Amino acid sequence: MKKEQVISRIREVGLVAVVRAENEDKALRITEACLEGGVAAIEITFTVPGAHKVIEKLASRFSEDQIILGAGTVLDPETARIAILSGAQYVVSPSLNLETVKLCNRYRVACMPGAMTIREVVECLEAGADIIKVFPGELFGPKIIKAIKGPIPQAELMPTGGVSVDNAAEWIKAGAVALGAGSSLTAGAKTGDYAKITETAKLFLEKIREARGQ
């Protein structure tokens, strides 16, 4: 799938599930629960032990029509290359690493570096980022999206951190193209309640659709 299609599908879904887990099995079960809830965009973070193996398994288990598979917490180009070779269709970072963005652009893989300030957002745009991850979102709340898009309306922003079912609509209405949700979406895994993850995923998507007037 071309990177333009990947970005378009992430915008369309409006939600990226940020998967953090203590082991491979939990990461796979969280992913399956999210997919069942309609969240096709899955970000396997490199804080998961053997993250590249999880990405490989998901890439072989699900088709491109079923999953939009990404890698998260990618801090350097070496990790980005491993993720891409394992099957990641997009790469997400907590901050901007120029070499990582350069590598992703070299292989035409969507890249989403993190930013907190206007200056960092501009630097991400200049580097060639496709979507900018506003992180950590809980430090400012939805108002940061509107504040950034005032002087930089062309920035495509995806807040992560502090995003929940309760404020999902606010983020979207403020101008976010998509949302990144971690523990607020996947908390059920801590108690083995994967059905709760599926239920929460559906609620997230409902709030996003309502905020978009769909």
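How many residues does helix α2 have, and how far does it reach from its first C-alpha to its last? Helix α2 covers residues 24-36, which makes 13 residues, and its reach is 18 Å, close to the 18 Å expected at 1.5 Å a residue (the expected span being 1.5 Å times one less than the number of residues).

A word on the model first. It is predicted, so local features need pLDDT of at least 70 and side-chain atom pairs count only at pLDDT 80 or more, while totals for chains, interfaces and linings use all residues. Residues are numbered from 1 along each chain as its sequence is written, and side-chain values use heavy atoms, with hydrogens and water left out.

**Around α2**

At the N-terminal end, N23 acts as the cap: one of its side-chain oxygens lies 3.2 Å from the backbone nitrogen of D25. After the helix comes G38, with a positive phi near 100°. Residues of α2 that are buried (under 20% relative accessible area, 1.4 Å probe, protein chains only) include K26, L28, I30 and C34. Among the elements covering the buried residues of α2 are these:

| Element | Residues |
|---|---|
| β1 | 15-19 |
| β2 | 41-45 |
| α3 | 51-61 |
| α9 | 183-186 |
| α10 | 194-211 |

**The whole chain**

Helix α2 belongs to a chain with 10 helices and 9 strands (DSSP runs: H or I of at least four residues, E of at least two, numbered from the N terminus). Buried residues make up 53% of the 214 residues. The C-alpha trace spans about 45 × 35 × 30 Å along its principal axes.

Note on methods: Buried means under 20% relative accessible area, exposed over 50%, partly exposed in between (1.4 Å probe, protein chains only). Contact means heavy atoms within 4.5 Å. A polar contact is a pair of N or O atoms within 3.5 Å; within protein, one must be able to donate a hydrogen and the other to accept it, and residues adjacent in sequence count only if both atoms are side-chain atoms.
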